[in-house]
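Subject: A structure for you to explore

Hi,

Here is the structure I promised to pass on to you. Have a look around first, and then read on for what turned up in it.

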Amino acid sequence: MSEDWVPARSVGVWTRKSGDNKIVLEGYIDVYETNHVGGFIWSLCATGLTTGGIAQKVAENYEVPPGRAEATTRRFLDELLERGFISRQEPGGS
Amino acid sequence: MEFEEPTLTRLYGKGKEASQAQRETMNAARASLTAIPGLDDLLQAYPAFKDATCVFASGSLTEGWAHAKSDLDLFGIFSGTVAADSLDGLELIKVKTTTSDPTSWIALGEVGSYRADIEVWSEAQVDELIGRFTSTGADKYTVRPNPAERDLLYRLSKAVPLAGESWLVLRREALMDSTYGAWLAENQKADAEGLLEDVAGLLESGDAHSAVLAAHRGFIIALGSLLAAYGDYCPSQKWLYRRLETVRPDELTTADGWRVLIMDGCAADPAGWAERTARLIQRMLTGVELRAL
């Protein structure tokens with residue numbers, strides 16, 4: 001299993017709901033939209049949950065196997081990280 | 001809802017900031033610029049603006065106050081009503097106005113390495129707004145400009161033209177010769193005086209904490225009134241320190257203003273701080289009366 005980390009929302013990202021639990025995320029110029037599962041994961045990014053904790057919520061909410069939820073959640077969080085919408089924090093950090 | 005793979009789809013922008021390396025390149029490009037993008041850059045990105053009567057820039061970039069995430073604030077003034085479909089390809093936000101033509105637009109785009117907020121207004125809307133404050137002066141029946149319109153008038157007062165300079169010069173002169181500044185100062189003065197009354201009542205009733213908050217709010221509004229009396233129509237409180245430092249009104253030093261903004265000394269003596277701030281507000285508003293009204 002990969003190492004756990006805590007996704008923190010980047011300061012200065014604009015967010016808004018766009019219907020059907022989708023979320024619009026605005027960087028400095030580029031604007032992105034999640035689908036509803038992406039919106040669910042994003043909603044947990046400011047809660048202090050670790051990547052593993054978020055994956056567990058995904059598994060429970062959508063009734064998918066834990067392994068699939070883990071892989072899918074980590075891939076999406078890596079994409080948010082690459083786009084600059086979140087940053088990595090160590091578990092237990094502030 | 002059914003599970004599906006989470007996705008992130010780009011709605012607007014060209015993906016120039018999709019990675020950390022790209023974002024650093026964009027930041028470096030902005031930091032290295034010695035001048036803001038010009039008309040050619042705008043027309044290359046958005047040809048519809050070639051028909052504008054006037055295009056001007058106005059904001060933190062032109063004031064020299066820009067930061068790493070500042071956007072480029074541009075304004076396109078057109079001779080007739082502007083149809084949204086003429087601005088095809090831009091993300092558009094509709095803005096309600098109090099003018100006869102009740103709509104203006106904010107187009108979100110990118111010009112060079114900047115995010116650009118491009119406001120689109122008609123000549124008639126600008127003239128109507130300034131016309132409310134010509135020689136006869138505004139009165140209680142004057143339609144109050146809404147926040148978007150007050151922002152436009154401020155931007156006009158500080159505009160740097162990219163095209164249509166002669167149109168801009170005439171409107172800016174009309175605005176600065178109008179009673180708009182006095183109206184703005186008087187309106188904010190009235191709001192500040194309302195808060196002074198609250199401070200007095202709250203102190204009398206022993207509610208020092210609420211008196212502090214009323215005094216702080218009153219000071220910010222009174223400062224806006226004082227700066228308006230000096231010809232600074234900026235509606236943004238974020239820039240109060242910068243504005244105070246630029247205008248340097250006789251009634252308040254920048255250092256004294258900053259101490260009140262950060263509520264220096266308030267924690268140790270809330271009631272005393274609220275009372276001292278209320279006295280300072282009174283002196284500032286007396287200055288507004290002498291200067292603008």
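Strand S4 of chain A has two faces that fare in opposite ways: A:Tyr32 and A:Thr34 are on the covered face, while A:Val31 and A:Glu33 are on the uncovered one. That fits a general pattern: in a regular strand, side chains alternate between the two faces of the sheet. Please keep in mind that this is a predicted model.

Which strands sit beside S4(A)? Follow the open sheet across and you meet four strands in the order S2(A)-S3(A)-S4(A)-S1(B), with antiparallel pairing. S2 (14-17) of chain A and S1 of chain B stand at the edges with a single partner strand each, so one side of each has no neighbour in the sheet. From one strand to the next, the twist averages 25°.

Now for the pairings themselves. As a reminder, strands of a sheet pair through backbone hydrogen bonds. On one side, S3(A), residues 23-26, pairs with S4(A), residues 31-34, in the antiparallel sense; this pairing has three bridges, and a hairpin of four residues joins the two strands. Here A:Leu25 stands opposite A:Tyr32, and A:Glu26 has A:Val31 as its bridge partner. On the other side, S4(A) pairs with S1(B), again in the antiparallel sense, over four bridges. A:Val31 turns up here too, with B:Tyr12 as its bridge partner in S1(B).

What lies across these strands? Helix H1 of chain A (residues 36-43) lies across S3 and S4 of chain A together with S1 of chain B, and runs at about 100° to S4(A).

The two chains also touch beyond that one strand pair. In total, 22 residues of chain B are in contact with 24 residues of chain A. On the chain B side, strand S1 (8-12) and helix H1 (20-32) each supply at least two residues, and S1(B) gives the most, with five. By class, that side of chain B has seven nonpolar, six polar and nine charged residues.

Chain B is worth a tour of its own. Its domain assignment gives domain 1 (20-177) and domain 2 (180-292), and their centres, taken over C-alpha atoms, are 30 Å apart. Where they meet, eleven residues of domain 1 are in contact with eight residues of domain 2. Helices H5 (147-157) and H6 (165-177) of chain B each give two or more residues to the domain 1 side, with H5(B) giving the most, six residues. That side divides into eight nonpolar residues, one polar and two charged.

Finally, the cores. In soluble globular proteins, nonpolar side chains tend to be buried together. The largest nonpolar core here has 74 residues, and B:Val55, B:Val199, B:Ala222, B:Leu226, B:Ile281 and B:Met284 have the most contacts inside it. Helix H8 of chain B (residues 208-229) contributes the largest share, twelve residues, and domain 1 and domain 2 of chain B each provide at least three. For a close look, try B:Leu226: leaving aside neighbours within four places in sequence, its contacts include B:Pro249, B:Leu252 and B:Met284. Apart from this core lies another, of 16 residues, among them A:Trp42, A:Ala69, A:Phe85 and A:Ile86.

Enjoy exploring, and write back with any questions!

Best wishes

Key: Residues numbered from 1 in each chain as written. Chains lettered and ligands numbered in written order. Predicted model: local features only at pLDDT ≥ 70, side-chain atom pairs only at ≥ 80, totals over all residues. Contact = placed C-beta atoms within 7 Å. Nonpolar A, V, L, I, M, F, W, Y, C, P; charged D, E, K, R; others polar. Pairing = 2+ DSSP bridges. Axes fitted to C-alpha atoms, helices over the stretch in contact; angles between N-to-C directions. Core = buried A, V, L, I, M, F, W, Y, C linked by C-beta atoms within 7 Å. Buried ≥ 20, exposed ≤ 12 C-beta atoms within 10 Å, placed from the backbone. Domains from an automatic or database assignment.
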